[in-house]
Structure formats: C-alpha cells, structure tokens
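Here is a friendly note to read alongside the model. Keep the 3D view open and look up each residue as it comes up.

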Amino acid sequence: MEYYEENIDPPTVYELVSQDVFKDNCGTLFCIIAFLPDIADDGKEGRNRYIELIQSLGERYKKQKWGWSWLPANVYPELEKILGVGGFGYPALVAMNKKKELYALYKGSFSEDGLRPFLNQLTYGRSLGNTYPLSVENIPELTTREPWDGEDAPEIHYEEEDLSDFKWDDEL
C-alpha cells in the first residue's frame with residue numbers, strides 16, 4: 001500500500017469553470033481552492049507561476065487525495081463572500097470540507113514555504129486557528145464560464161485628449 005501511495009499520479013489541478021467542475025472536484029471530498037489575481041495584475045507569467053506552485057503542492061500532498069482547483073479573483077463573488085476571500089488581497093487559498101461543513105482560510109505568503117505549514121496542519125485534521133463553519137446550502141451555484149486562454153490580458157489603449165484649450169477654474 002505504501003508503494004502504491006508513493007507512486008500514484010499527482011492530482012490534476014482544475015480551473016474552476018463550472019458547477020460540474022466544482023462538484024467533481026469538491027463534491028464530498030476535501031478540496032483546495034486557490035483564488036488567483038486577475039490576469040491584468042500579474043500577467044501570464046505570474047499566473048503560470050501560481051498554477052505551477054499549486055501543482056507542485058498537489059504532488060507533495062497527493063497521498064491525501066484532495067481535490068485541487070484554481071480560479072481568477074472576482075469571477076464568482078458570491079463564492080468568495082461565503083468563504084471570506086477577497087478582503088485581504090489575492091492570491092488566497094481555501095481548504096474546504098463539505099462533508100464536515102468547515103473551511104480553512106489561508107492568508108499568509110503564497111509560496112511553498114508559506115503554504116506548507118498550513119497544508120501540513122490540514123493533513124492531521126487541524127488548522128492554525130482559521131477554521132470556519134461552512135453552510136453548504138449557501139454555496140452558490142456556479143455559472144459556466146470560459147476557461148483562461150493562456151494568454152496575457154489585452155492591452156488597454158487610451159485616446160489622448162487635446163487639453164490645449166483647457167482652463168483651470170481658479171475658484172477651486
């Protein structure tokens with residue numbers, strides 16, 4: 001059994017793009033959800049670094065058979081609100097156990113050194129004082145959306161205004 005556990009394939013890290021992906025990945029399982037910054041904030045390279053980090057953590061903790069997923073910030077604001085994500089910035093990580101109706105919210109450094117102690121505690125059924133009740137019936141139904149295309153955010157072009165005739169209002 002130990003040989004099997006050492007040699008099992010790492011879990012797939014899914015982009016959370018629909019209710020079906022959420023259900024398959026977090027149904028009654030324990031799952032990890034990473035909320036990543038908007039593509040305009042960190043670009044393609046930044047997003048890929050975060051995804052690679054999540055994949056390497058999935059490999060490290062593969063014996064736990066957790067579900068792993070990620071999504072961009074503010075895509076499902078109702079889900080973020082239920083899980084307390086967003087008030088401290090992105091990236092953010094949530095460990096959710098629908099069966100026990102609990103979730104743990106990680107607010108520290110989004111790096112392997114920062115996340116490992118949090119995930120280690122979870123492997124022993126504990127957390128670092130950041131476990132909250134989860135009202136499963138309040139989890140919103142996730143709408144289907146297009147997955148990330150793997151590209152950077154489109155450039156934003158601003159039209160320049162001619163301000164040569166602009167006069168300041170001295171009464172301000």
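The points below go from the sheet to the helices, the cores, the disulfide and the salt bridges.

1. **The sheet.** Please keep in mind that this is a predicted model. Begin with the open sheet, where six strands are arranged in the order β1-β3-β2-β4-β5-β6 and the pairing is mixed. The edge positions belong to β1 and β6; each has a single partner strand, so one side of each has no neighbour in the sheet. On average, and ignoring direction, neighbouring strands are turned by 25 degrees against each other.

2. **How β2 is paired.** As background, strands of a sheet pair through backbone hydrogen bonds, and they can do so in parallel or antiparallel fashion. You can find both kinds around β2. With β3 it runs parallel, and six bridges join the two. With β4 it runs antiparallel, again through six bridges. Some pairs are good to click on: C31 has G67 of β3 as its bridge partner, A34 has W70 of β3, and F30 stands opposite N97 in β4.

3. **The two faces of β2.** Which residues of β2 point one way, and which the other? F30, I32, A34 and L36 point to one side, while C31, I33 and F35 point to the other. This fits a general pattern: side chains in a regular strand alternate between the two faces of the sheet. Is β2 mostly covered or mostly uncovered? It is mostly covered, since seven of its seven residues are buried.

4. **Helices against the sheet.** Two helices deserve a look here. Helix α3 packs on the sheet and touches β1, β2 and β3. The direction of α3 makes about 170 degrees with that of β3. Helix α5 lies across β2, β3, β4 and β5, and runs at about 160 degrees to β5.

5. **The largest nonpolar core.** This core has 25 residues, and those with the most contacts inside it are I32, W68, L93, F110, L119 and L122. Which elements give two or more residues to it? They are β2, α3, β3, β4, β5 and α5. The largest share, six residues, comes from α3.

6. **One core residue up close, and another core.** Try selecting L93. Setting aside neighbours within four places in sequence, L93 is in contact with several residues, including I32, I33, A34, L105, F110 and L119. Apart from this core lies another one of 21 residues, among them V17, V21, F35 and L105.

7. **The disulfide.** In general, a disulfide is a covalent bond between the sulfur atoms of two cysteines. The count for this model is one disulfide. It joins C26 to C31, with 2.0 Å from S to S. The link is right-handed, with 105 degrees about the S-S bond. Are its two cysteines buried or exposed? C26 is buried because its relative accessible area is 0%, and C31 is also buried, at 0% relative accessibility.

8. **A salt bridge between distant parts of the chain.** Side chains of opposite charge can pair when their charged atoms come close. How many salt bridges does a search of the whole structure find? It finds four. One of them joins E15 to R145, whose closest N and O atoms are 3.1 Å apart. This pair links distant parts of the chain: E15 is in strand β1, R145 is in the segment after β6, and they are 130 residues apart. Both E15 and R145 are buried.

9. **Salt bridges with partly exposed residues.** E59 and K62 meet in a salt bridge at 3.3 Å, N to O. E59 is partly exposed because its relative accessibility is 36%, whereas K62 counts as buried with a relative accessible area of 12%. In helix α5, E112 and R116 form a salt bridge at 3.5 Å, N to O. They are four residues apart in that helix, so about one helical turn separates them. Both are partly exposed: E112 has a relative accessible area of 30%, and R116 has 26%. Finally, look for D113 as well, since E112, D113 and R116 are linked in a network of salt bridges.

How values were computed
Residues are numbered from 1 along each chain as its sequence is written. This is a predicted model: local features need pLDDT of at least 70, side-chain atom pairs count only at pLDDT 80 or more; totals for chains, interfaces and linings use all residues. Side-chain values use heavy atoms; hydrogens and water are left out. A disulfide is a pair of cysteine sulfur atoms within 2.5 Å. Buried means under 20% relative accessible area, exposed over 50%, partly exposed in between (1.4 Å probe, protein chains only). A salt bridge is a side-chain nitrogen of Lys or Arg within 4 Å of a carboxyl oxygen of Asp or Glu. A nonpolar core is a set of buried Ala, Val, Leu, Ile, Met, Phe, Trp, Tyr and Cys residues joined through side-chain atoms within 4.5 Å. Contact means heavy atoms within 4.5 Å. Two strands pair if DSSP finds at least two bridges between them. Axes are lines fitted to C-alpha atoms, for helices over the stretch in contact, and angles run from 0 to 180 degrees between N-to-C directions.
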